[in-house]
Amino acid sequence: MKRLLAVEHVRVQLLLIYAVTPMVAAVFWLGTGAGPAAGLLPVAAAVLVVWGMGAFVVLRVMGPQRYVEEMAELEAGHCWVRWSYDEAQWASAVAAERARQQRLNRPTFVALAAAGGVAVVVALVTEVSTLFAVLALLVLVGAATWLVLWLGAGGPAARRGRTGEVLVGRLGVLRRPGTYAAFAPTGALTSVELVGTAPMRIVFTATRLAPSPWAHWIREQMADLVVPAGRVDEARALVERFHREVLSRR
């Protein structure tokens, strides 16, 4: 389970399902004008059903097992490149990855904050006991969110490491210490580019269809790899390999 939660997009999707769903249910429940006990059982049952269906879709239908298998292959040495970083280079690599994750995860945390804020506002205009029930729910959701992030052993572990390495495969990149980021988890990998001068970076960008009534394609940066000193030729060869073996075969 820990290796599965180390897959970045799996962790984010589970957070959305397990954190947002109960808060949306709480708002719906309070909106009916019911007290903190009336009607709670069917709402709780509905939450459990959504949790189960969501977990099935994320863990089975979306096929994260292929990423877990690639993680094992990368750790066994079957990788396209394997780069080690000294202390200064690792700090730069971690900073670039942290900035990318913050950009990517911002909508998730905005959704969590919005759902929690609506739940509190609705609870404030009802009974005091209902407010306490909603606050308890938010504490529970916060604890569950922290647990999922901790089990993923991601960013904090990478930031604590003074040095590190990245292992790149066809499907994603594994940071040690850190997490695994898939290049195209919910869409198609559309570009792999070598950018910048100091330090040079390889940027992987994918597209996905936005789940909204006005469906449109969104470009998302799925990995930002700082190239270690002396590995520029390897980086160019890696970009060419992705263009030749991945992008050209979409």
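This report looks at an aromatic cluster and at residue R66 in a predicted model.

Residues are numbered from 1 along each chain as its sequence is written, and side-chain values use heavy atoms, leaving out hydrogens and water. In this predicted model, local features need pLDDT of at least 70 and side-chain atom pairs count only at pLDDT 80 or more, while totals for chains, interfaces and linings use all residues.

**The aromatic cluster**

Let's start with the rings. Rings of Phe, Tyr and Trp (its six-membered ring) pair if their centres lie within 6.5 Å; planes under 30 degrees apart count as stacked, over 60 as edge-to-face and the rest as tilted. By this rule there are six aromatic pairs, including these two:

| Pair | Centre distance | Plane angle | Class |
|---|---|---|---|
| F183 and F204 | 4.0 Å | 10 degrees | stacked |
| F204 and F242 | 5.1 Å | 75 degrees | edge-to-face |

F183 sits in the loop between β4 (180-182) and β5 (188-195) and F204 in strand β6 (residues 201-209), so their pair ties together parts 21 residues apart in sequence. F204 and F242, the latter in helix α8 (residues 232-245), are 38 residues apart. Helices (H or I, at least four residues) and strands (E, at least two) are DSSP runs, numbered from the N terminus.

Together with W80, these three phenylalanines form one aromatic cluster. Both F183 and F204 are buried, meaning under 20% relative accessible area (exposed is over 50%, partly exposed in between; 1.4 Å probe, protein chains only). F242 is also buried, at 0% relative accessibility.

**R66**

R66 belongs to helix α4 (residues 65-75). With a relative accessible area of 36%, R66 is partly exposed.
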